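Trainee: Can you walk me through this one? I would like to go topic by topic.

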Amino acid sequence: MQMQMRELPLPEIPDDAGLLRVIAAGICGSDVPMYADGSKGERILGHENVGIIEKLGPVARERWGVSEGDLVALEEYLPCGHCADCRSGEYRSCLQTDSKRAGSLRYGSTSIDVAPGLWGGYSQFQYMHPRSVLHRVPAGVEPRIAAMALPLGNGFQWAYLDGAAGPGQTVVVQGPGQQGLACVVAAKAAGAKTVIVAGLARDAHRLAVAEKLGADVTVRVDEQSLADAVRDATSGALADLVIDVSSGGATQVVNGALDLIRKRGTLLVAAYKRAAIDGFAIDTLIRQQIHLRGVRGHSFGAVELALDLMAQHRVDLGAMSTHEFGLGEVDRALRLVGGEGMDDAIHVSIAPWN
């Protein structure tokens, strides 16, 4: 892993594009392995980006409905706009958004060799491609908080839109990182009666933040039984929805999750396990008629829900925004998110002008 400070020329902006003055760029957990992988060449990382529109072509102004000087949040996706997924609103599934696909474009993962090079948020300026998906940041929302629009949007997508969390329900969130805490916020906003968050003893700070954000029960699974805690909290009824956003072992976590769910409940798996699940308890899945679904990313509506919540100032989202660094400390910030250093890091952001 090596971070370099480079100066790139600002591009000429065509009629259908723009230039963003980056104010805050959040660090996603996926940035850490990308930083460690030098095989893809030089890239400007950072896809949770918020900034002020510096320049804007007339076609882009009409298409996006924004103007120079507006504060906006960019999604990482650059969808084609014409495939079946894009036309149905599921542009996160568009092949053009897949960073592992040759020739695809995506903020935070595209090589600087692809003109104009300014594809990431760990930079003072970012090119706004004609296929950009952007959102106005509501008045009164700080850029540092708005930089959590995408992870919080994931929480709304998974807990509410995909998982159908709602009034009276019990939701279990496995993993108290930024994505897990986003699911806590979204589940409580959707009216869930009981939200249970599972982590490890070393996650004490994150579990305390989970309680601050509305979690009713927190469990240190290396010190107590999660299954017992769920049974106690629900008087034996078990959970309606379990969302796995943990980095734990595939078999133990997924099979264990099946034992937490009521009949016809739902298990959403959002965390890549990078290993096959040995001995998957398919008989439990069948017997309990459990809905099992893999989820990733967010829709436009989910990010809008996140920004709307920010504008209401009813939830202390500042508790999730734990660290901010300048451009010269990107290496340190990425290592912190990767687990090197303090255990209290949750959402870390880069402020390029500091």
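Mentor: What follows covers the cores, a helix, a pocket, salt bridges and a few single residues.

Mentor: This is a predicted model, where local features need pLDDT of at least 70, side-chain atom pairs count only at pLDDT 80 or more, and totals for chains, interfaces and linings use all residues. Residues are numbered from 1 along each chain as its sequence is written, and side-chain values use heavy atoms, with hydrogens and water left out.

Trainee: How many residues are in the largest nonpolar core?

Mentor: The largest nonpolar core has 49 residues. Such a core is a set of buried Ala, Val, Leu, Ile, Met, Phe, Trp, Tyr and Cys residues joined through side-chain atoms within 4.5 Å. Buried means under 20% relative accessible area, exposed means over 50%, and partly exposed is in between (1.4 Å probe, protein chains only). Among the residues with the most contacts inside this core are Leu-152, Val-171, Ile-243 and Met-310.

Trainee: Which elements each supply at least two residues of this core?

Mentor: They are helices H4 (143–146), H5 (149–162), H6 (178–189), H7 (204–212) and H11 (300–312), with strands E6 (170–174), E7 (194–199) and E9 (239–244). H6 gives the most to this core, seven residues. Helices (H or I, at least four residues) and strands (E, at least two) are DSSP runs, numbered from the N terminus.

Trainee: What is Val-171 in contact with?

Mentor: Outside its neighbours within four places in sequence, Val-171 is in contact with Ala-165, Ala-187, Ala-192, Thr-194, Val-195, Ile-196, Leu-241 and Ile-243. Contact means heavy atoms within 4.5 Å. There is also a second, separate core of 37 residues, which includes Leu-105, Tyr-122, Leu-134 and Ala-345.

Trainee: Back to H5. How many of its 14 residues are buried?

Mentor: Twelve of them, so H5 counts as mostly covered by the under 20% cut-off for buried. The buried residues of H5 include Leu-152, Asn-154, Trp-158 and Asp-162. Just after H5, Ala-164 takes a positive phi of about 55 degrees.

Trainee: Where is Asn-154, and what does it touch?

Mentor: Asn-154 sits in helix H5 and is buried, at 9% relative accessible area. Not counting residues up to four places away in sequence, Asn-154 touches Gln-179, Gly-297 and His-298. The C-alpha atoms of Asn-154 and Val-295 are separated by 9.4 Å, and these two residues are 141 residues apart along the chain.

Trainee: New topic. What is the volume of the second largest pocket?

Mentor: About 840 Å³. On a 1 Å grid over the protein atoms alone, a pocket is an open set of points where a 1.4 Å probe fits, with protein on both sides within 12 Å along at least five of seven lines; lining residues have an atom within 4 Å of a point. Grid points are joined across faces, edges and corners, and the volume is the space filled by probe spheres set on the points.

Trainee: Which residues are closest to the centre of that pocket?

Mentor: Of the 26 residues that line the second largest pocket, the closest to its centre are Gln-4, Arg-6, Arg-43, Ile-44 and Tyr-122. Helix H1 (31–36) and helix H12 (330–337) are the elements that give two or more residues to the lining. The lining divides into 15 nonpolar, six polar and five charged residues. Here Ala, Val, Leu, Ile, Met, Phe, Trp, Tyr, Cys and Pro count as nonpolar, Asp, Glu, Lys and Arg as charged, and the others, Gly among them, as polar.

Trainee: How many salt bridges does a search of the whole structure find?

Mentor: It finds 17 salt bridges. A salt bridge is a side-chain nitrogen of Lys or Arg within 4 Å of a carboxyl oxygen of Asp or Glu. One of them joins Asp-70 and Arg-136, at 3.2 Å from N to O. This pair links distant parts of the chain, 66 residues apart: Asp-70 is in the loop between helix H2 (58–64) and strand E3 (71–74), and Arg-136 is in strand E5 (residues 134–136).

Trainee: Is Asp-70 buried or exposed?

Mentor: Asp-70 is buried, at 17% relative accessible area, whereas Arg-136 is partly exposed at 48%.

Trainee: Which residues are joined into one network by salt bridges that share partners?

Mentor: Arg-92 forms a salt bridge with Glu-90, with the closest N and O atoms 2.9 Å apart. Salt bridges that share partners join Glu-90, Arg-92, Asp-162 and Arg-293 into one network.
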